[in-house]
Amino acid sequence: MTKYLARRLGQSLLTVFLTLSTVFVLVRLAPGDPASAYAGPTATSADLERIRAQFGLDKPLIAQYGVFLRDLFSGDLGTSYSFHDSALNVVLDRMPYTITLSVAAIALTVAVAVPLGVWMARRADTSRELGANILTITGQSMPDFWTGVMLLTVFAVLMPVLPASGFTSWSGLVLPTVTIATLQLALISRLVRREMTTALASPYITVARSHGVSERALTWRYALANSSVPLVTAIGTRFAALLNGVVVVEVVFGWPGVGSLVVRALETRDYPLIQATVLVTATLAILVQLLVDLAYPFLDPRVRLGKAA
């Protein structure tokens with residue numbers, strides 16, 4: 001376990017470093033001038049040159065990368081051009097909102113998708129299962145922005161019972177959570193349905209049923225337990241993706257998370273802010289994946305970390 005954990009941590013650090021380096025190069029090769037975005041449309045050529053010198057943008061790319069590496073290993077990701085504050089602090093201030101939204105969306109998804117997937121598996125190849133499958137496919141086919149706009153129209157405009165944007169109260173969490181969970185619900189419920197259908201047709205279920213085990217225990221204790229590894233993998237992967245910022249949903253609902261922050265950073269060519277966002281979100285996503293891997297032996301005793309069982 002210790003060797004496996006040390007190796008995975010080393011791989012994670014290398015992944016984060018390579019990701020940051022790639023982003024560093026790509027954002028500087030992309031069209032656009034941070035000095036122009038910072039100075040505004042009335043800036044003169046002298047103003048632009050002064051701003052480039054102030055932020056070190058007048059240096060060659062390799063020199064800028066050297067400064068970036070020096071600051072990175074000292075824990076300094078630079079000052080945000082648009083917020084005039086530490087880029088890392090700006091991202092960390094926004095991250096709790098994204099984490100809150102991600103946890104709420106995943107919790108709602110699991111609470112609905114797992115029972116729904118089990119119900120579909122118990123009624124496989126029936127008309128009711130077909131109807132539920134059509135509904136989940138429909139939910140999976142709807143873009144996030146369309147679902148969000150429809151929910152806003154109904155519950156914030158036609159029936160103004162929920163806030164349209166922001167996070168001034170916990171009620172503001174409802175619409176973006178439901179929007180995100182609509183897509184995740186379709187993915188997870190269909191996964192549960194597939195895994196449970198396979199598990200319920202397995203020989204060990206037949207043997208347990210012949211020994212008088214109740215259908216409830218067969219479903220929830222045996223079949224679902226044996227489907228937990230792919231289920232936890234899917235949930236962990238989706239949660240890690242949400243932590244990277246649900247850009248469209250956050251913009252539609254004016255949610256003050258890292259997704260909307262990334263949009264602003266890209267619009268203003270705020271290099272330090274982009275790099276800090278990538279560092280924080282990539283680190284969190286990798287940690288989630290590591291925790292999922294560490295959970296495998298607890299879910300299935302046959303799994304051994306770092307080697308085949």
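Here are two short exercises on the pockets of this structure, each with a worked solution.

You're looking at a predicted model, where local features need pLDDT of at least 70, side-chain atom pairs count only at pLDDT 80 or more, and totals for chains, interfaces and linings use all residues. Residues are numbered from 1 along each chain as its sequence is written, and side-chain values use heavy atoms, with hydrogens and water left out.

**Exercise 1.** Find the volume of the largest pocket and say which helix gives the most to its lining.

*Solution.*
- Step 1: start with the term. On a 1 Å grid over the protein atoms alone, a pocket is an open set of points where a 1.4 Å probe fits, with protein on both sides within 12 Å along at least five of seven lines; lining residues have an atom within 4 Å of a point.
- Step 2: the volume, meaning the space filled by probe spheres set on points joined across faces, edges and corners, is about 430 Å³ for the largest pocket.
- Step 3: of its 22 lining residues, Phe55, Val67, Asp71, Tyr81 and Pro272 are closest to the centre.
- Step 4: helix 4 (helices are DSSP runs of H or I, at least four residues, numbered from the N terminus) gives the most, with four residues.

**Exercise 2.** Do the second largest pocket: what is its volume, and which helix leads its lining?

*Solution.*
- Step 1: the volume of the second largest pocket comes to about 240 Å³.
- Step 2: among the residues lining the second largest pocket are Leu9, Phe17, Phe73 and Ile286.
- Step 3: helix 1 gives the most to this lining, with six residues.

Terms used
Helices (H or I, at least four residues) and strands (E, at least two) are DSSP runs, numbered from the N terminus.
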